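Take a look at the sequence and the model below. Start with the ligand, then move on to the strands.

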Amino acid sequence: MLSQEALTIHVRYPFKYLQSVKSTNDIAREWLEQGAETLSTVISDEQRAGRGRRGRVWYTPPEVALALSVVLKPTLNVAPRVTMLGALAVYDLCQSLQIDGVGIKWPNDVQIHGKKVSGVLAEAAWRDGQLLGVILGVGVNVRNQLSEELAPIATTLANETTQQLDRAQLVGLLVDRIAHWHTQIATNALLTTWRTRLTTLGLSVVVEGVNRRIVGQAVATDQDGALLIKTTDGSIQRILAGDVSLRTQHKD
Ligand code: BTN
């Protein structure tokens, strides 16, 4: 199990460790509202009601995964880039474990050989109409047992490397990389690095967006990380949030 002592050795920023929580994002939000400083981090061994993107559930069973939420205070204009930072940090974590075949599926799923190993959920907190901060939640599969349903589409770090995986050390590395990319949030370096790590560009895709479904070719991304899709009528559609799948996976 993770422990306060082990995390103290590896995490260089203010942190709270809780053995079991509903969602680390909720605890981090409360901490932000009480005045947490940037990069304050909530870490838990288990989430009982973890949240994924688009209202989905995110499972964090005890002792097998990473679940953490980091308090960030970006300016409003670059706030949409917070999720990129999370994906870039997980990408770097995989690189430091010398794992091959790592890529980012738009918008911010880190995949290894096309299977999801991590997800990122950013939630903004507002006070009196001003952005108080953004909670960056990151979940990473470390040695989860994957169900029959998940095994074809998801993986774990343990499946992809023979290296020893010490979760407290992985948390420390991950928060360090989040801190690094946080310094780059307003730069082109962040955008270009994220873009070069995306595996989605150039593909023929189906995107399930908010209330719409778009079929076409993923041609580019913009400053906010939105995906630009060229549809069959030649128009360019901009998608800020959605799920992408390959067109070949669909019958139409
Ligand atoms: C996704 O891919 O759907 C995003 C998953 C995000 C999961 C993390 S785990 C830590 C943090 N707390 C949550 O409730 N969700 C995020």
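The paragraphs below cover the ligand site and then one sheet.

This is a predicted model, in which local features need pLDDT of at least 70, side-chain atom pairs count only at pLDDT 80 or more, and totals for chains, interfaces and linings use all residues. Residues are numbered from 1 along each chain as its sequence is written, and side-chain values use heavy atoms, with hydrogens and water left out.

Begin at the ligand. It is surrounded by 19 residues. A residue counts as near if one of its heavy atoms lies within 4 Å of the molecule. The closest are S23, Q47, R51, R53 and K116.

Three of these residues can be followed atom by atom. The test is a polar contact, a pair of N or O atoms within 3.5 Å; within protein, one must be able to donate a hydrogen and the other to accept it, and residues adjacent in sequence count only if both atoms are side-chain atoms. S23 places a side-chain N or O atom 2.7 Å from a ligand oxygen. R51 uses its backbone instead: a polar atom there is 2.7 Å from an oxygen of the ligand. K116 works through its side chain, with a polar atom 2.6 Å from a ligand oxygen.

How much of the ligand does the protein cover? On its own the ligand has 410 Å² of accessible area, and the protein covers 99% of this. Such areas come from the Shrake-Rupley method with a 1.4 Å probe; for residues, only the protein chains shown count as cover.

Which elements give two or more residues to the shell? They are α2 (24-33), β3 (65-72), β6 (115-127) and β7 (130-141). Helices (H or I, at least four residues) and strands (E, at least two) are DSSP runs, numbered from the N terminus. β6 gives the largest share, four residues. By class, the shell holds five nonpolar, ten polar and four charged residues. Here Ala, Val, Leu, Ile, Met, Phe, Trp, Tyr, Cys and Pro are nonpolar, Asp, Glu, Lys and Arg are charged, and the others, Gly among them, are polar.

Now turn to the sheet. Five strands form an open, antiparallel sheet in the order β11-β10-β9-β8-β12. Strands pair if DSSP finds at least two bridges between them. β11 (236-239) and β12 (242-246) are at the edges with a single partner strand each, so one side of each has no neighbour in the sheet.

Follow β8 (residues 204-209). Six bridges join β8 to antiparallel β9 (residues 212-221). V207 has I214 in β9 as its bridge partner. Two residues separate β8 and β9 in a hairpin, and N211 in the turn has a positive phi of about 65°. Five bridges join β8 to β12, where S245 is the bridge partner of V206.
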